[in-house]
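Reader: I should be grateful for a close look at a single part of this model. Please take one chain and describe its charges, its build and its relation to its partner.

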Protein chains: 2
Amino acid sequence: MKSEHLKILPWSLEITDMDPDYSSFYESILSQGNGYLGVRGFDPAGVKENSFERSVFLAGFFEYIKPGVTDMVNTPDLFSLRFGIPCQEVSAATTLDMRTGLLTREALWQTERGELFSLISRRMVSMHNKHASALEVEIKPLNGDLHIVLETGLDGDVTNLPISDDQMTENTQCKSLLTPVFCHANQLGGTLVMESTPSKRHVYQAYRVMANLPMATTGVAVDAYTAVRLEGNIPQGDVLVVTKTIATYSYRDPMQDHLAEAIRLAELLAGLGFAGMLNASAQVWCELWESCDIEVDGDPELQGAVRYNIFQLLQNNAADDPYVSIGARGLMHGRYKGNYFWDTEIFMLPFFLYTRPEAAKNLLLYRYHMLPSARDGAKSLGLNGARYPWMSSNTGYEQCETWDTGCCEVHITADVAHVVQEYVRITDDEDFLVHYGTEILVETARYWVSRLTYNEAADCYNLLFVKGPDEYCGVTTNNTYTNYLVRENLLGAIRAVNFVRQRPEDWDVLQAKLQVTAQELEKFEEVAEKLVILYDEDRELLLQDELFERMEPLDISVHKHGAAALYRTIPYDRLQRYKVIKQADLVLLMTLYPERFSTKLKENIWSYYEPLTLHDSSLSFGTHAQLAADLGYVDVAWDYFRKSVFLDLYNIMENTHHEGIHLAALGASWQALVLGMAGLRQGEDGKPKVDPKLPSTIRGLRFSVVTGGRKYDISV
Amino acid sequence: MKSEHLKILPWSLEITDMDPDYSSFYESILSQGNGYLGVRGFDPAGVKENSFERSVFLAGFFEYIKPGVTDMVNTPDLFSLRFGIPCQEVSAATTLDMRTGLLTREALWQTERGELFSLISRRMVSMHNKHASALEVEIKPLNGDLHIVLETGLDGDVTNLPISDDQMTENTQCKSLLTPVFCHANQLGGTLVMESTPSKRHVYQAYRVMANLPMATTGVAVDAYTAVRLEGNIPQGDVLVVTKTIATYSYRDPMQDHLAEAIRLAELLAGLGFAGMLNASAQVWCELWESCDIEVDGDPELQGAVRYNIFQLLQNNAADDPYVSIGARGLMHGRYKGNYFWDTEIFMLPFFLYTRPEAAKNLLLYRYHMLPSARDGAKSLGLNGARYPWMSSNTGYEQCETWDTGCCEVHITADVAHVVQEYVRITDDEDFLVHYGTEILVETARYWVSRLTYNEAADCYNLLFVKGPDEYCGVTTNNTYTNYLVRENLLGAIRAVNFVRQRPEDWDVLQAKLQVTAQELEKFEEVAEKLVILYDEDRELLLQDELFERMEPLDISVHKHGAAALYRTIPYDRLQRYKVIKQADLVLLMTLYPERFSTKLKENIWSYYEPLTLHDSSLSFGTHAQLAADLGYVDVAWDYFRKSVFLDLYNIMENTHHEGIHLAALGASWQALVLGMAGLRQGEDGKPKVDPKLPSTIRGLRFSVVTGGRKYDISV
C-alpha cells in the first residue's frame with residue numbers, strides 16, 4: 001500500500017502522482033493545521049466528490065447529532081478554487097514543507113481548447129495567528145495568451161458523515177450540521193456566517209482576494225457559497241498571481257463582534273500578503289522546531305518520518321486552549337466523531353510534556369474543566385466521584401454508546417490520573433497539583449472505590465465488567481493494566497492530599513470543595529492494598545485478566561497477513577474468544593513505569609504476550625518498540641519503531657486514506673524513540689539521563705527536553 | 001396502580017372510567033386480535049393524540065427502518081370514527097366480552113348546543129375470517145332530534161415509534177413507514193392501499209358503510225384517509241345504526257389481486273352484517289374455549305383473569321401461519337419493534353403445546369423456516385451451524401444491536417432446541433422430528449460446538465461471554481441455565497439422528513442435506529460431557545454463573561418498593577454488580593425439567609436464589625409460582641401466581657399502559673396453574689396425570705389437554 005510516488009525527505013514530503021486510488025491517502029497525509037483548525041490536504045482546484053471529505057475542523061467545535069451525542073462540525077472549505085472555463089489537470093507534484101507548514105502543488109493544466117498553463121497553488125494555515133489562513137495561486141500560460149475565469153472564496157456546502165464508535169459499522173448517511181445565516185461577496189472578497197443546528201453555534205469567516213494583473217472581478221454569493229470571480233487575459237510570458245487571505249472565528253472565541261473581527265483580520269492579512277503571512281508563520285514553526293525537533297543521523301527518510309510525526313502532533317494541538325484535547329484523528333478527519341480518547345493522555349501527552357509543558361498542562365486542564373461532567377457521568381451510573389468518558393467531546397459526557405466499550409473500558413479515568421502524576425513528576429509544577437491535580441486524583445479515586453466490588457469471602461476488591469487496552473478481551477474481570485493504574489490512582493490521591501496539606505491556605509480552599517475525610521483516605525489505602533493484581537508466581541508473570549488464559553489458541557501466522565486488522569477477516573466477536581491480543585496491554589504497563597518492574601518480569605511479559613499480539617491498533621507498534629528497546633532487543637525495537645513512525649506515511653494500517661492520520665501512533669513513535677531507544681529517564685539528580693539502544697545504522701540523535709522547568713539539549 | 005374502575009368478571013372485563021391517566025392502560029388491556037391482526041383498544045371516536053398509539057399490527061408485516069433492522073409496521077386505523085359536529089363524551093363504560101371477542105363502549109355524548117345522545121360502539125376482529133373486522137355504532141338522541149355528521153372509514157395517517165431494544169432508552173422520533181398509493185371513497189365505502197418504504201410491501205384494505213336510517217352520504221378521500229361521511233337527522237326515539245365492515249389483506253397473503261379480494265370481502269361482510277359476523281366469530285371462540293378454557297371454582301375475579309390470559313394468548317397467535325411467531329407484546333404494541341424473543345418458546349409455547357398442538361407446531365415451523373438466516377447468523381459471527389437471534393422478525397436475522405444482549409444472550413438457540421424436544425415428547429409427532437426437528441437440533445448443536453471454548457489445561461468446555469436469563473449478570477462465564485440447555489441440545493441432536501436413522505428413507509433425505517459424520521456426533525457427546533456445569537458439592541447447589549458469588553450484596557427491602565423494575569431507580573449498569581437477580585434463572589431451569597432434579601436441589605435453589613430475585617421482568621412471577629407449587633409451598637406459589645395472572649390487569653409492572661400486554665407472563669401464568677399448581681405431568685402410561693397443590697380458597701379446576709394426539713379432560 002506504500003505509494004512509490006511519495007518521497008519522504010528530511011524536511012518535506014514530495015508527491016508526484018495523481019492516481020485517484022491514492023488521492024484520499026495523499027489528502028490525509030498532507031493535512032495542515034495550527035491546533036485551532038485542521039484542513040485535509042485536498043487539491044483546492046480538484047473535483048469535489050464527497051463534501052464530508054473536504055473537511056475543515058475547528059478544535060472544540062461540536063454539535064449534537066442526537067440527544068447527548070455530538071459530532072465535530074465540518075466547517076466551510078477555505079481553499080475553494082473553481083475554474084470558469086473547461087479545463088483539467090494533466091500532471092501535478094505536491095510538496096509539504098514541514099519547516100514552514102507550506103503546502104505547494106505545482107500542476108500542468110490544459111483547457112478544452114488545448115491551452116496549456118501551469119498552476120502553482122500554495123496554501124498555509126498560520127501558526128502565528130491561529131485565525132489566519134491563505135491561498136496563493138500562480139497561473140502561467142505556456143502556449144499563448146490565456147483567457148481565464150476563476151472563482152475563489154468560501155464553500156459552505158459541506159457535510160458531516162458521523163461515523164459510529166463501533167469499529168465494524170460504517171455510516172453512509174451525511175448530515176448537514178451548518179446552515180448559512182449570512183453570505184456575502186463583492187469584488188474584493190466576502191463574508192460567510194454559518195449556524196449549527198440545534199445549538200445555534202456560529203462560525204464567522206471573511207476573506208479578501210487580490211490579483212497582480214488587471215482582471216474583471218465580481219462577487220458571487222449563493223446559499224453557502226461566496227467567492228470572487230476573476231476574468232481576464234493572461235498574456236504569454238506573464239504570470240497571474242491570485243492571493244486569498246481568510247480569517248476564521250467561531251462562537252468559541254470570546255469577543256463582541258466576531259464578524260467585524262473577521263473582516264478586519266482578512267484585510268490586515270491582505271496587507272501582509274501571502275509572503276508576509278508565511279514568514280510570520282514560519283517564524284513560529286522555527287521556534288517550535290527548536291524545542292521539538294529530533295535530529296536523526298544516518299537515515300534521511302527516517303529523519304523525515306520522525307519530523308512528520310512531530311509536525312502533525314504540533315499541527316493538531318491547540319497549545320494555548322485549556323478547553324480542548326486532541327482527537328484520535330486530530331482535526332484532520334471526522335472518524336470517531338472527532339472525540340478525544342485515552343490516545344491523548346497515554347500516547348500523545350508525553351511528547352508535549354517533555355517539549356512543551358504548557359501545552360501538556362492545557363491538555364490536562366481540559367480534563368480538569370470536564371470534572372463537573374465527569375461527576376455527572378459517575379452519578380448517572382450510580383457511582384461516586386468523577387468518571388471520565390471513554391469518548392469525550394466538548395460536553396465531557398460519555399459519547400460512546402455501547403455497553404462493552406462505553407461502560408466497561410474504564411481505564412481512561414485511571415489514565416488521566418496517571419498523567420496528572422507524570423506531569424507533576426516531570427515538571428515539578430506543584431501549583432498545578434494544588435489547584436487542579438489533587439481534585440482530579442481525589443474525585444477519580446472516589447469513583448474507583450464505588451466502581452470496584454468487594455468480595456467478602458476472599459477479602460479483596462475485584463474490578464468486574466472491564467475491557468482493557470486489549471479490546472479483544474470481550475468484557476472481563478480484573479484487567480491487570482487497569483487495576484494497576486487504579487491502584488496508582490488511589491495511592492496518588494492520598495499522596496496529593498498529604499502534599500497539599502502542607503500548604504494550609506491552599507488546603508483550606510481545596511478541602512472546602514472536596515471534603516476529604518480521614519476515613520476516606522484510609523479506604524483509598526485499603527482498596528489499593530486489597531485490589532486484585534493477577535500474578536502467577538510460578539511463571540513470574542502478570543496475567544492480563546481472569547479469562548485470557550482460558551481462551552482458544554489461534555495460529556496467527558495462518559490468519560494474519562500484513563498489518564490490516566484481523567477484525568476485517570475474522571468477526572470481532574469471534575476474535576474475543578481467541579487467545580490473541582489486539583494491542584499492547586501489559587506491555588504498555590511496563591512502559592508506563594519503566595523503572596518499577598524487574599527486568600525478569602519485563603522479559604517474561606514480552607516473551608509471553610508479544611507473540612500473541614496482533615497489533616490491530618495503531619497504538620501498539622510504538623509501545624512494543626519502547627519495551628523492546630528497554631529490554632535491549634535493539635533489532636526488534638527498531639522493526640516495531642519503523643512500523644510506528646511510518647504508520648501513516650506507508651499507510652501500514654491500510655486505513656490512513658479513509659480515516660486520516662493516527663495521532664496516537666505519532667506520539668507513540670516519539671516515546672519509542674526518546675523514552676525507548678534513547679532511553680531517556682529522570683536521573684537521581686533530577687536531570688535527564690539517557691541510555692541509548694540504537695541500531696548501528698543510526699549514527700546519532702539530538703533533541704531537547706524540558707524537565708523541572710529547565711531545557712536540556714541531548715545528544716546521543 | 002390498579003384501576004378501581006376495572007371489574008374482572010368470569011367472562012368479561014368491565015370499565016366505568018374516562019380518567020385520561022388510565023386511558024393508555026385501558027387501551028392496552030382491551031386489545032383485540034385474531035392472530036392475523038391486533039388492535040389496541042382505543043376508543044374509535046376518541047381524540048387521536050399520538051398516531052403510533054392507534055396501532056393495528058399485522059402478524060409478520062415488518063419493514064426496514066435502517067440497514068438490517070426492521071420494525072413492525074403500524075397499519076391504518078380500521079375503526080376510525082369522526083364527528084362532524086362539535087361534541088364530547090360525558091361518560092362511558094366499556095366491556096370486553098372474552099366469550100365472543102366483542103368490545104362494547106356505551107357512552108353519553110353532548111353536543112356544543114347541549115344535545116345529549118348515547119353512543120354505543122361495538123367492534124370485533126373476526127376469528128372466523130382473519131381478514132374481517134367490523135365496527136357498529138348506535139346513536140340515540142336523548143333530549144330531542146339530533147342533527148348528526150359522522151365519518152367512518154380508514155385512517156392511514158399512522159406512524160411507528162421504533163423503540164430501542166435497550167430497556168433504558170426511549171425513542172421519541174416517529175417514523176412513517178407507509179405511504180398511500182391508492183386512496184378512494186364513495187358513498188358506500190372505500191379502499192386504501194398503502195406501501196411501505198423501502199421494501200414496497202403493501203397493505204390492501206376495503207370497507208363498506210351502512211346506515212339503518214336515510215342519511216346523506218358522500219365519500220371523502222384525502223391523502224391516506226378514506227371515509228364515508230353521513231349527515232342527517234335522527235328523530236328523538238329513533239336510533240341510528242351505522243355498520244362498517246372492513247377487509248384487510250397484505251403482501252403476505254398469497255393471491256393474485258389483493259385489492260379485488262378486499263373489495264369482494266368487504267361487500268360479503270356487509271351482507272352478513274355485524275351480527276352475522278359476530279356470530280360466526282363467536283362460534284370459533286366457542287370452539288377455542290372448549291379446548292383452552294380453565295374453569296376455576298371459588299374466585300370469580302381470578303376466573304376472569306385466568307381466562308383473560310388465555311384469551312390474549314389466543315388473540316395474538318396466528319395459529320395457522322408457520323412463518324410468524326408471537327412478539328413479546330404480541331400484536332398489541334410496538335414495543336421491542338414487534339420482535340419475537342425466547343418469550344414464545346419458553347413461556348407461551350407450552351400453553352399451545354398442551355391445548356392446540358398444531359399452533360405449537362407452526363410456532364416451531366417459524367424457527368425451522370428461519371434456519372437459513374440462523375445459518376447466516378452463525379457464519380457472520382465466524383461460527384458453524386445455526387444461531388437463532390435474540391430478537392427475530394420476518395428476516396430471521398439478529399435484530400438486537402447491542403453486544404451484551406444481541407451477541408451474548410445466546411440461550412435462545414438452546415431454548416428453541418429445548419421446545420423442539422418438548423413438542424415431540426408431548427405430541428409424539430415423529431414426522432415433525434424427522435422432517436424439521438432433527439435439522440434444527442443438529443444445526444444448533446453445531447453452533448454450540450463452535451461457540452464454546454475448549455480449555456486444554458482443565459480439559460473442559462467453557463461458555464465465555466454469556467448473558468443468562470438473569471440479565472443483571474452483565475456478561476459472564478458459564479451461565480448454568482444456558483450450559484444445561486446447551487448440553488440437552490447436543491444430546492438431543494444425537495438422539496434425534498439416531499432416531500431418524502431407523503427410518504432409512506427419511507435418513508437418506510436428511511443426511512443428503514445435513515452430512516452428519518460419526519466424528520461430529522462423537523464431538524457432540526464429548527462436548528456435552530465436558531461442558532462446565534457449575535455445582536457446589538458442599539452446598540448441594542447449582543451456581544448461576546462464575547461471577548454471581550462475587551457480587552456485592554444489596555438489601556433489596558431497602559431499595560425495591562412495589563413491582564416496578566429496580567433499573568428505574570438504580571442504573572442498569574450498577575445493578576449488574578449487585579448480588580441480585582432480575583428474573584428466574586436457575587429457578588426456571590428447575591421448572592423446565594421438573595422430574596430431573598432432586599427435591600433437595602430444587603429446595604436449595606429456591607432458598608438461595610428466590611430471596612435474591614427482584615422480579616424485574618414479567619417473565620419471573622409465573623416461573624416462581626410453578627417451582628413453589630412443585631415444592632409444595634402452596635401459599636408462596638399462590639402469591640406469585642396472582643402476581644403473574646393479574647400482571648397486566650393490575651398493571652403490576654407499571655408499564656402495561658405504555659408497553660402493552662406481556663405475552664410471556666400470560667403463558668407463564670398458564671404454566672404455573674396447569675404444570676405447577678395442578679401438577680400436570682406425563683404419566684408412565686403416556687397419559688397425563690395431576691398432583692394438585694391448590695390453596696383452600698380454590699375449590700376446583702377443570703381443563704383439557706391434548707397429549708399424544710388425544711384429548712383429556714382433567715378435573716382437579
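Author: The part chosen here is chain A, and its charges come first. Chain A carries 64 positive and 97 negative side chains. The centres of these two sets lie 1 Å apart. These values, like those that follow, are computed from a predicted model.

The surface and the interior may be taken next. The accessible surface of chain A amounts to about 24,700 Å², and carbon and sulfur atoms account for 49% of that area. Of the 716 residues in the chain, 66% count as buried, where buried means under 20% relative accessible area.

As for its build, chain A contains 20 helices and 27 strands. Its radius of gyration is 26 Å, close to the 27 Å that the globule rule gives for 716 residues, and chain A is therefore as compact as a globular protein of that length. Measured out along the principal axes, the C-alpha trace would be described by spans of about 90 × 55 × 50 Å. Contacts within the chain tell of links across the sequence: among those between residues at least 6 apart, 68% join residues at least 24 apart.

Finally, chain A has a partner. Chain B is superposed on chain A by a rotation of 180° with 0.1 Å of shift along the axis, and the RMSD is 0.1 Å. That is the relation of a two-fold axis. Of the interface residues of chain B, 97% are also interface residues in chain A, so the copies meet through the same surface.

How values were computed:
Residues numbered from 1 in each chain as written. Chains lettered and ligands numbered in written order. Predicted model: local features only at pLDDT ≥ 70, side-chain atom pairs only at ≥ 80, totals over all residues. Heavy atoms only, no water. Least-squares fit on C-alpha atoms with pLDDT ≥ 70 in both. Contact = heavy atoms within 4.5 Å. Helix = DSSP H or I, 4+ residues; strand = E, 2+ residues; numbered from the N terminus. Rg over C-alpha atoms; globule rule 2.2 N^0.38 Å. Buried < 20%, exposed > 50% of the residue type's maximum accessible area, 1.4 Å probe, protein only. Areas by Shrake-Rupley, 256 points an atom, 1.4 Å probe, with all protein chains shown as cover. Lys, Arg positive; Asp, Glu negative; His and termini not counted. Charge placed at Lys NZ, Arg CZ, Asp CG, Glu CD.
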